[in-house]
Amino acid sequence: MKNSSFLILTIFFFGLEALETDKMINCYLRDFRSVDKVRVRFKGIDPKMCTHISFAFYDLAENGSLKVPHHAPDKDLTSKLVMENPDLKLIAVVGGVNVSTQLFSAMAADEVKRRNFRKSVIVYLLENGFNGLDIHWLNKSNPADRPQFVTLLSELSESFSNNDLELGISTIAELSYIRSWYDISNIVKYVDFINVMAYNYTRGRVDHDSALYGNHNGNAHATINLWLTGGAPASKLNLGVSFIGHHFDEIKSKRNKFKVKAPISYFDAFQTVKRYSYQDDGLFGFDLNDGRSYLKHVGIWQWKWTSYESGMGVEMKMDYVQEMGLRGVMIWTHENEQFEEKIGEYRLLGTISRKLDSDFECLTGICCAKSKTVQKLCYFIWQAILDFPTAILVLTSNMNLRWLSFLIIVSTLSQTLESIPTEKRIHCYYGSWATHRPNGGDLKPENIDPFLCTHIHLAFFGISPRGLFTSDIDTNLIEKLNNFKWKYPQLKLIAVLGGPDIIFNRLYRFQIGSPETRMALINSTLDFLLQHKFDGLDLYFKYGKQQISFVRDAVHEFKMGFEGQHLEVGVTVYGRISYAHHMYDVQYIGQSADFINVMAYNYTGEGWTYTIGDDHVRKSASRRIDKDWITYDAPLYGRDDNNVKASIDYWLDNGAPPSKINLGVAFVGINVQIEQSLALETRVKSIGSGLRGFYTWETGHMAYIELCRIQQRLQQLKNGTVETNSMHKSTIMQYRNYWWSYESPMSLEAKMDYLAEKNLGGVMVWSLENDDFLGRCGVKFPLLKYISRRLDDNIECTPGRCCIKTTHRLRNCRNHY
């Protein structure tokens, strides 16, 4: 059975090799025979990722005949390419820098030379297996060139149609040049395609070199629009994309400064970005307004600016090709690409081919293979400049059986490409503010590993003064999170209503108002969830002390209002028992809610008081529990009610089903200043707030991404400053007059065992952006990965390590501390 399944997968993969598209993907190649010797990064042509390959450049003889250069492809090469892709068309490109405008003008103006040109071109194309010609006549200077160019094209078109050959042209993108030299309405009668070279707009100006949009006329949209308004059918236009960017150096000295502009290939641009992106004075990014990637580096003696094409840039441009109904894309040039060994293909060309391939269905940042017989397989497009996936299963056209087998084995053993096979839920909170954190601590959606969660909770949504559901969260962020469900269909996206940013008493006021008012709130919420493809709602009831019926009725009415829509309705509740006793009707909530996130943390840490007014919430610091004495922030056990076990037992004892309870853990710890002590203290007296977090920018609390660096340093000191208490199952650390209490893999291990012992539904994590998602202390998302492996049915864990279950080979293990 396993062998047959593998065979089916193999057949499926190889069935996707040929590019299926009605778009033209015209890949230019220049000086092909010397490419492999000069640029080792170029691994040769991949004919299955192009519909046309254009060989540049052919020359003109004095008598107007076609002159074949020494680097022209021979019959062996053209036969090999067509054998690999029978639908491939080969195009000879005449002109470019090899042919002066005077030679072109002389040929176009002379009837005899035009005849020589036609005959020599047709003979060469037919004898060498070519399918067409591209005239790359740029920089026209004689006013007579305009009508003579049309005459040349009309005569070629007539001869080509008799021999089933395609005729195309390549044009400069500058608007003033197009208006002066191209008789658009007549040209389009005779050509099959027009390569609009929508790049190299800057001409010495420091700006985006080939922007898709812009406030000036130097952008692709303006150029395409000029051709369309001039009478060119969209079905004949190819949007030109250059794999060459431009790099500017402004070198300063005491006496002068000067600019140096030079072309830079995609490969070199990529290496430049890698070199400077980790420096404090390097700024790289993607301009969403112009659709262009850039790098800016400011040094003491030198200023640099690089504008180049990236995966995100070509993704936007391919969407534009589809939106405008263009013929396709022209690529300058294939050999300037980078072959990526890790994924076995070219980065930019791979993105282009999938975006235009009818075998794939693409949304922002992700392409998925269409299949009715197997689960959809997806490829993540590079959205960030330096997004390097270490293990991505890619559907490539050049993938051989050995490489395919290797990827399948690796993906099975590493557990990085599959959803978590567990009956437990892993609810991962994701704060929308995480995309704007300072100092490189911003967590973008493309950097989230969705396979580690069963639910992603997007926080926070609110209520308008009119009592309707409202959102300040960017819809692009929501769309990117929704795209994860292509690769992992079981993933659920949950909207979180509430939190500190909501005017909490608005919900209370509208909840106890008229039935019409309550229904308006529920209906506006439902409309938003369905419109943006959410899978449920999380009512975040932490702040404010209201009547006990308030939370109970809110959960019940939202659940009834969503009936028949296949949406989950759950609650997130404070773990402290004294609060729960006054706020929650546990038994009734347990009957109505689909899940209950119990925030079993922040028991003794520095807290906040929320004073509720008529239309505002005022936030102020509160006194700490036990006056100024601090102990473990989220202990599993303890002598009073301020611990995880006491909170969970309260909900279980009062009638909440264990299967609906998610144990809440926080990837945030408390940090206070204490009187200096030589011994590690489990209970300390606070004399002030602790250090400010480098990423969270808060005092009194620090995220694990900040704490793990401190922990590593203190462990190197080997002076007993880090400890996980065996009784309370909580981690603390202390250095001089600073003290921290936080979650670590060791404390999480005990909590996951407790979760299994009580047979709870799962775990709730606060929050993704607080884990070490950058991998600064080792692996990325270490705490979340530890939780997922502890709850994974395919992995067996013992203290300190987790092993993949298998009877056919030695267990593959991962140590966690």
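His566 lies in the loop between helix H17 (548-561) and strand E25 (568-574); helices (H or I, at least four residues) and strands (E, at least two) are DSSP runs, numbered from the N terminus. Phi of His566 is near 60 degrees, a positive value in a residue other than glycine. His566 is exposed, with a relative accessible area of 78%, where exposed means over 50% relative accessible area, buried under 20% and partly exposed in between (1.4 Å probe, protein chains only).

This is a predicted model, in which local features need pLDDT of at least 70 and side-chain atom pairs count only at pLDDT 80 or more, while totals for chains, interfaces and linings use all residues. Residues are numbered from 1 along each chain as its sequence is written, and side-chain values use heavy atoms, with hydrogens and water left out.

Asp164 is another residue other than glycine with a positive phi, here near 55 degrees. The loop between H6 and strand E6 (166-172) holds Asp164, and this residue is exposed, with a relative accessible area of 71%.

The chain as a whole comes next. It contains 23 helices and 40 strands. Of its 817 residues, 58% count as buried. Among the contacts in the chain with a separation of 6 or more, 73% are between residues 24 or more positions apart; contact means heavy atoms within 4.5 Å.

One pair distant in sequence is Gly96 and Trp137, which are 41 residues apart in sequence and 6.4 Å apart in space, C-alpha to C-alpha. Gly96 sits in the loop between strand E4 (89-95) and H4 and is buried, with a relative accessible area of 16%. Not counting residues up to four places away in sequence, Gly96 touches Phe57 and His136.

Two packed helices are described by the angle between their axes and the distance between the axes. Here axes are lines fitted to C-alpha atoms, for helices over the stretch in contact, and angles run from 0 to 180 degrees between N-to-C directions. For helix H4 (residues 101-109) and helix H6 (residues 145-162), the axes come within 9 Å and cross at roughly 65 degrees. Their crossing is left-handed, meaning that the near helix is turned anticlockwise from the far one by less than a right angle; a clockwise turn is right-handed. On the H4 side the contact residues are Thr101, Ser105, Met107, Ala108 and Ala109, and they meet Asp145, Gln148 and Leu152 in H6. By class, this contact of H4 with H6 has four nonpolar, three polar and one charged residues. In this scheme Ala, Val, Leu, Ile, Met, Phe, Trp, Tyr, Cys and Pro count as nonpolar, Asp, Glu, Lys and Arg as charged, and the others, Gly among them, as polar.

H6 also packs against helix H5 (residues 111-127), with axes that come within 11 Å and cross at roughly 40 degrees. H5 and H6 are therefore oblique to each other: angles under 35 degrees count as roughly parallel, over 145 as roughly antiparallel, 65 to 115 as roughly perpendicular and the rest as oblique. H5 passes H6 in a right-handed crossing. Arg114, Phe117, Arg118, Val121, Ile122 and Leu125 of H5 are in contact with Thr151, Leu152, Glu155, Leu156, Ser159 and Phe160 of H6. The contact of H5 with H6 has seven nonpolar, two polar and three charged residues by class.

Further along the chain, helix H20 (residues 644-653) is mostly covered, as seven of its ten residues are buried. These are Val644, Ala646, Ser647, Ile648, Asp649, Tyr650 and Trp651. They pack against E25, helix H18 (577-583), helix H19 (586-592), strand E26 (596-599), strand E30 (661-666) and H22.

The axes of helix H22 (residues 745-758) and H23 come within 10 Å and cross at roughly 30 degrees. That angle makes H22 roughly parallel to H23, and their crossing is right-handed. Pro745, Leu748, Glu749, Met752 and Asp753 of H22 make the contact with Leu783, Tyr786, Ile787 and Arg790 of H23. By class it has six nonpolar, no polar and three charged residues.

Two peptide bonds remain to be noted. A cis peptide bond joins Trp766 and Ser767, with omega about -5 degrees, and Ser767 is in the loop between strand E37 (762-766) and helix H23 (782-790). A cis peptide bond also joins Ala459 and Phe460, with omega about -10 degrees; Phe460 belongs to strand E21 (residues 455-463).
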